[in-house]
Amino acid sequence: MVKCSTQKRDTETEFYLVNGQVITPYRMIAPGGVHVKGENIQRVFAMADGHIPEGAKVIDVRGAWIMPGLIDMHLHGGGGADVMDGSAAAIRTIARIHAEGGTTAILPTTLTSSLRELRLALDACKLVSTERAKGARLLGVHLEGPYFAHAQRGAQDPRYIKNPEPDEYLALLNDYPFIKRISAAPELPGALELGRELRKRGVLAAIGHTDATHDEVIAAVEAGYSHMTHLYSGMAGVRRFNCYRVAGAIESGLLLDDVTVEVIADGKHLPASLLKLIYKCKGAERMALCSDALRAAGMPEGRYFLGSGEDGQEILVEEGVAWLADKSAFAGSVVRGNQLIKTMVELAEVPIQAAVKMATITPARILHVDNVMGSLDQGKYADITILRDDFSVVSTIVGGRSVYSS
């Protein structure tokens, strides 16, 4: 687990956010405020009860929402950069552009690729993870693939899809202990052994890009898989075998209480009806929001590459979503954290507190970092997002420092 730092910085900051609508996992305090000292939260208070010392630095948010920093546990890029570019500059750009959308913590996500390109991307993430955050903080890395079902590959490059190979994934896990999550199709030969290895190491094993039946999902959960990668996207639903209907991964994700799910809440990948269904089945405690954002996030529409410019695939961004070049399938989204909240409130008609929970404490619990982030609690990191009621970003604060202000 990530641990809060108790060492004082050379230039420790202290300030009070006041006159906001403070959103905790359990209530809204309005008008309320948050006291920040150094990189941690000192207290959350109602304005009527909060004593602010004379001469203290006070920031009046004028009725805006003050919420825990948004956590995006699945994104590939933004600002023209992709994780698979394999450069520290690309990772820094991604962290910065998503902070501008209210996201304070990210899990950079790789794509199915050559082993050489994968290691370049991991090396870049490793370097940036040691730096003081100038955007969203890095929580580790998510390997999306290459252990996927061909039929459910979506935008994943078919040239590199394979079955899990212990020599390969053990070397990666040993060399890069900051790998925090791997998505795989559990029906593949060797995938259950992969799940057991990830469980032993405390790495999140997620079911994704899969043709698994319900029985195969059950076997996967028993082997250590506990999460579903972008539910409905890249996975099979109910099918018939010899006239008998068999539930697939989609239905399993909705049915199994011990399995958490994430959804791409861009308003494109899933319509309102499916967002509402998932919320009804899983609730805010087991449903996380993710962007699955590509390099076109925060950029104009047009043509881009999915993955590296050297070995990636061309994609087309039109109508607010990324497509494969032939428009045969979605390739990913171009949204950021504040837009995920907006989609759930306006399209799925979810209460703001529930939407915030799905983008903060729920992903924090799934990633086992809820001891230091995900809620506005005393002692946790002062990772704070401030949004206006039109969901535009007022300010993004990471570890008590403003990394974006509009």
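A salt bridge is taken here as a side-chain nitrogen of Lys or Arg within 4 Å of a carboxyl oxygen of Asp or Glu. In this predicted model, Glu319 and Lys327 satisfy that criterion, their closest N and O atoms being 3.6 Å apart. Lys327 is partly exposed, because its relative accessibility is 31%. The count of salt bridges comes to 20.

A further pair is formed by Asp377 and Lys380, whose closest N and O atoms are 3.6 Å apart. The two partners are placed in separate burial classes: Asp377 is partly exposed, with a relative accessible area of 34%, whereas Lys380 counts as buried at 9%. Elsewhere, Arg96, Glu100 and Arg336 are joined into one network by salt bridges that share partners. Within this network, the side chains of Glu100 and Arg96 meet at 3.2 Å, N to O. Both of these residues are partly exposed, Glu100 with a relative accessible area of 26% and Arg96 with one of 38%. Arg336, by contrast, is buried, its relative accessible area being 17%. Arg336 lies in the loop between strand S22 (330–332) and helix H8 (337–347). When neighbours within four places in sequence are left aside, Arg336 is in contact with Ile97, His98, Glu100, Gly101 and Gly298.

Confidence in the prediction was considered next. The mean pLDDT of the protein chain is 95, and 97% of its residues reach 70 or more. An exception is found at residues 1–10, over which pLDDT stays under 50. For that segment the model has 21 contacts beyond four places in sequence.

Two of the residues that Arg336 contacts, Ile97 and His98, are listed among the buried residues of helix H1. This helix comprises residues 88–99. Its 12 residues should span 16 Å at 1.5 Å a residue, and the end C-alpha atoms are 17 Å apart, which agrees with that expectation. Of the 12 residues, 9 are buried, so H1 is largely enclosed by the rest of the structure. The buried positions are Ala88, Ala90, Ile91, Thr93, Ile94, Ala95, Ile97, His98 and Ala99. In general, an α-helix has 3.6 residues a turn, so residues three or four places apart point the same way.

Ser87 is found in the loop between strand S8 (81–82) and H1. With a relative accessibility of 27%, Ser87 counts as partly exposed. Ser87 and Leu376 are separated by 289 residues in sequence and, C-alpha to C-alpha, by 33 Å in space.

The nonpolar interior was then examined. In soluble globular proteins, nonpolar side chains tend to be buried together. The largest nonpolar core of the model holds 92 residues, of which Leu122, Met228, Val263, Leu289, Ile341 and Met344 touch the most other members. The surroundings of Ile341 illustrate this arrangement: not counting residues up to four places away in sequence, Ile341 touches Leu70, Leu289, Ile352, Ala355, Val356, Ala359 and Phe391. A second, separate core consists of 15 residues, including Phe15, Leu17, Val22 and Ile29.

Leu173 provides a further example of a buried nonpolar residue, its relative accessible area being 5%. Leu173 lies in helix H3, which covers residues 166–175. Neighbours within four places in sequence aside, its contacts are Ile179, Ile182, Glu197, Leu198, Arg201 and Val203. Leu173 and Val203 are 30 residues apart in sequence, yet their C-alpha atoms are 9.3 Å apart in space.

Finally, the cysteines were inspected. A search of the whole structure finds 0 disulfides. In the case of Cys281, the closest cysteine sulfur is that of Cys290, at 18 Å, which is too far for a bond because a disulfide requires sulfur atoms within 2.5 Å. Cys281 counts as partly exposed, its relative accessibility being 31%, whereas Cys243 counts as exposed at 64%.

Terms used
Residues numbered from 1 in each chain as written. Predicted model: local features only at pLDDT ≥ 70, side-chain atom pairs only at ≥ 80, totals over all residues. Heavy atoms only, no water. Buried < 20%, exposed > 50% of the residue type's maximum accessible area, 1.4 Å probe, protein only. Helix = DSSP H or I, 4+ residues; strand = E, 2+ residues; numbered from the N terminus. Expected span 1.5 Å × (residues − 1). Core = buried A, V, L, I, M, F, W, Y, C linked by side-chain atoms within 4.5 Å. Contact = heavy atoms within 4.5 Å. pLDDT = per-residue confidence, 0-100.
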